[in-house]
Amino acid sequence: MSFVRESKFRHVFGEQWKTKYEDIQLATKATESAGVRANGKFIAVPWMGGGGPLAILPAQRLGKVPRDLPKITGHTGPVLDFEFSPFDDNMLASASEDHTIKAWSIPDEGLRENMRDSVATFDGHGKKVLFCTFNPAAAGVIASASYDMTCKVWNLQAQQEAFSLHVPDQMLSLRWNYLGSLLGGTCKDKKAYVMDPRSGDMATTFAAHESTKASKLIWLGGPDSADDCHRIVTTGFSKQTDRQVGLWDIRMLQPSSSGACKPLLMLTLDQGAAALYPHYDAGTGMLYIVGKGDATVRYFEVARDAQELHFLSQFSSPSTQKGFDFVPKRAVDVSRHEVMRGLKLESSCLQPISFRVPRLSEAFQDDLFPDCPAITPAMQAEDWTAGIEAQGPLLQSMRPAGGETAGASAALLATASTSKAMPMTRCGSGGSSGTFKVGNRVDVMLRGVPQPGTVQYVGDVDHQVGVWIGVALAEEEGEHDGSAAGRRYFECPPRHGIFVRASQLTALREASPDHSAATEIAALKADLARVRKECAEERNKAAAFKSDSEEKRSQNAKVSAALEAAQKRAECLQEQLTNSEAQRVDLEERLSKAAAREEALRKELEEARRPLAKNSAIVSEVGPTNGNAVAAACAELAQADAGRGAQPLPRPPRGPAQNKVLTYKEQRELERQALEDRLSAPADFQGRGSELTEAEREVIERKGTEAAGSGEYNTFAPQRGYFACRKCGRPLYSCEAKFKSGCGWPAFDKCYSNSIVPKPEDDGTGRIEITCAGCGGHLGHIFVETASHDKKRSDQRHCANSLALQYIKDDPPAGTSAETVLDLAPRRSSRSDATDRNAMELTPKLVEQTRAPCGACPTRLPGSGVVGSAAGATAGAEYQVDLGGFDRLVRALERSADRFAPAVAAEAAAVGSGSREAGLGNGTDDSINLAPFQNLVKRIEHAAEHLIA
């Protein structure tokens, strides 16, 4: 790194603004872009949120950013890069992970609401888009790079793809050159590429830096040096993570002995992990190097006559930067000698930084501010795509409107404007006061020599320097005779010509006749009066503002006092409300206790009145003849009442009670009635038939079972009505038959006669299914158990599904039979031949085995009998029958008949007698119907432990 040579930019310093953009909610997505973009009108920042929103901030509105700031929300993925158009401050392009590039037109007043609709959308990339950048010379030309290893150029005006190139690896940067003819970029393969998009060729490729970490590229070049347009600056890392800055000339890229191209210059700055982002100012020839995560900005001066970068200085701040960008050169403040303005993006704010050249003069500095790229494009997109070459962007003067241009820069202070007479407020040595008009002849001091000239232009008022006056020198008057050459010197505002300072104006020549000392004095007096009047007006405004401020202050004090009083009142009311609520709760408890006490007193009174009724009956039996006995009985009753302290029965109220408080029982009664009304079907309910839901069909038609505790009638205990079949509407149970069993399903102890049909299950479980006698629908199961509930009226428990029942609050239809207990005793029925095949024929030898004592081992007998089956008969088979258990079971049933219900005892006796009548002991070959025995065994297997000791 060389020492700083003498330069007009050697003392450039950075200065943070006192105000900044605060409360920035920066997106957390890490990208390869600068992180913030700005022009003289707007600032774009990626905002936190889903879909990749972009916040648009007005450049002149500093301070806290509103929380409800409108944003651009048209992308469906995070935004990876974005850039403002150099020719339209309202045009913004953005590239996103959703594989698209969108162009947005921002209103002049900024966003009033979220913007979702773009003016153009390009979706030619197959993967997420990393970069997008505008052409600096042609309007509406955008270049983009994507993860799909392509670089495309888009025609914004035609909204179509213009050119496409393939790149060998992922792009890390993409920039246009100054002329807008070539694209340059760095890739992850450690190389830099120079591309000609219109020809589709790679113009140059060279190895830039040794590391694969992020490297960046920027083109040099400007209007004053054609050679600079071929030079490139790259930033990257060495193998030892040294951060480097390289200077290259694409015309001089010759491979060295190692095979790598040799740069013009390679500087090592420091060691770090953050990528370096370069920015070049073509007007001043300064190169700015900014690192993400750093707190410094380094700036160099690029030597145009040598292959060197001269370090100037650096700007440091306490906080690190998440991103950094520079505004266009036409947006800087030339009155403060601001050669560049940057925007430092921090974690929660955006800090403007001015880079200034310290100079005492407040006049425009031509050497610091040469012409900069104009907002007018050099060509349109159609011309560029057709192959027309541009000589670079069009230029515009940086001199403020109404200010001086190239030549003798000075300020001539005046108080009037336009082409009318303008009184002078300051004059140079030897000069006199007067007014200026177009055509006046004046003397101008140039380089210490007075030069005669003619006033050719009187500009508008500039609030900083007054009025600018253009003067044509005498030797150039021939060029200002009204010809085209003369007119071009004094365009409005003039781009070229001679402008004078007050110190350079020496005297007026051939002044107008009205130019005199008296006129000048009168003008000065008028100016003084005007200034005094303005001062008085400002003084009055200040007094009025002070008065308004005092009045507002007093009003604020009153409002504050009123608010404080209202707050105290609200606190008092809240306390009163709390006390009232406590009193109400206490009163309700007292009322409840009083109602309970009243009920107890009524019961005591009824107990006390019973002897009175008994005595009245005795009196009626005794008759009127025995008055003494009646009197004695009445006296005895009165004495008994007095001993118990009985009170007379209170009279009922004559009218309806007003504001009567319901007791707990009354409230529960109302709730029960409301529940019955809600669950009840109409009185003319005829069943749902084919309108059953899928869950109801699963239970009724496919014998399913609802989950325990899930039925709506599980804990429902109505005091009126009945339950019917949900499918056909046949009455099944009365409300008195329902009781709470705790099994998880509705339980009933009785049913209407001929309403339910019991059927033994054929799955071997021994359970008995209950079905509707009307439609045959499955209802549930029935169980025989000891009564364990006060309300239960039988030993049967009908366990039914709520989905198979329908409650009706009205009385059952006329003709409904009375309630009954189901007869569960199995009945003998005539069997067909196919069913009789399941019977076993016993031989005389089998009968003898039956008479064996209890506990005898089963005996294998050679049988001559026949065992029937569905497939046919098997003759001559051997059978092994354990008759000891059967005999013991039958005898135990006979001994314990008094323990069984009548139906079970009768069935046991029937099985016992049937077995003996079948030939057990008579030596005949008779058969036994084993079906009743099997049913009985299944039913008593759970009670066998209690029946057999």
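Visitor: In the pairing of β14 with β15, which residue is the bridge partner of Ala-145?
Guide: This is a predicted model. Strand β14 and strand β15 (residues 150-155) run antiparallel and are joined by five bridges. Within β15, the bridge partner of Ala-145 is Cys-151.

Visitor: Which residue in the turn between β14 and β15 has a positive phi?
Guide: The two strands form a hairpin, with three residues between them. In that turn, a positive phi of about 65 degrees belongs to Met-149.

Visitor: Which residue of β14 is the bridge partner of Cys-132?
Guide: Strand β12 (residues 129-134) is antiparallel to β14, and five bridges join the two. In β14, the partner of Cys-132 is Ser-144.

Visitor: How many residues of strand β14 are buried, and which lie on the side of Ile-142?
Guide: Buried here means under 20% relative accessible area. In β14 (residues 141-146), six of six residues meet that description, and the strand is mostly covered. In a regular strand the side chains alternate between the two faces of the sheet. Accordingly, one side of β14 carries the buried Val-141, Ala-143 and Ala-145, and the other carries the buried Ile-142, Ser-144 and Ser-146.

Visitor: Which strands are at the edges of the open sheet of four strands?
Guide: The sheet has the order β8-β9-β10-β11, with antiparallel pairing. An edge strand pairs on one side only, and this holds for β8 (79-84) and β11 (120-122).

Visitor: By what angle are neighbouring strands of the sheet β8-β9-β10-β11 turned against each other on average?
Guide: The pairing in this sheet is antiparallel. With direction ignored, the average turn between neighbouring strands is 20 degrees.

Visitor: Which residue of β11 does Lys-102 stand opposite?
Guide: Strand β10 (residues 101-105) runs antiparallel to β11, and three bridges join them. Lys-102 stands opposite Thr-121.

Visitor: What distance separates the end C-alpha atoms of helix α5?
Guide: Helix α5 (residues 664-679) has 16 residues. At 1.5 Å a residue, the helix should span 22 Å. The distance between its end C-alpha atoms agrees with this, at 23 Å.

Visitor: Which residues of α5 are buried, and what arc do they cover around the axis?
Guide: The buried residues in α5 are Arg-672, Glu-676 and Leu-679. They lie on the same side of α5, because the arc they cover around the axis is only 75 degrees.

Visitor: Which strand is included in what covers the buried residues of α5?
Guide: Arg-672, Glu-676 and Leu-679 are the buried residues concerned. Their cover includes residues 805-808, which form strand β51.

Terms used. Residues numbered from 1 in each chain as written. Predicted model: local features only at pLDDT ≥ 70, side-chain atom pairs only at ≥ 80, totals over all residues. Heavy atoms only, no water. Expected span 1.5 Å × (residues − 1). Buried < 20%, exposed > 50% of the residue type's maximum accessible area, 1.4 Å probe, protein only. Arc of directions from axis to C-beta. Contact = heavy atoms within 4.5 Å. Pairing = 2+ DSSP bridges. Axes fitted to C-alpha atoms, helices over the stretch in contact; angles between N-to-C directions.
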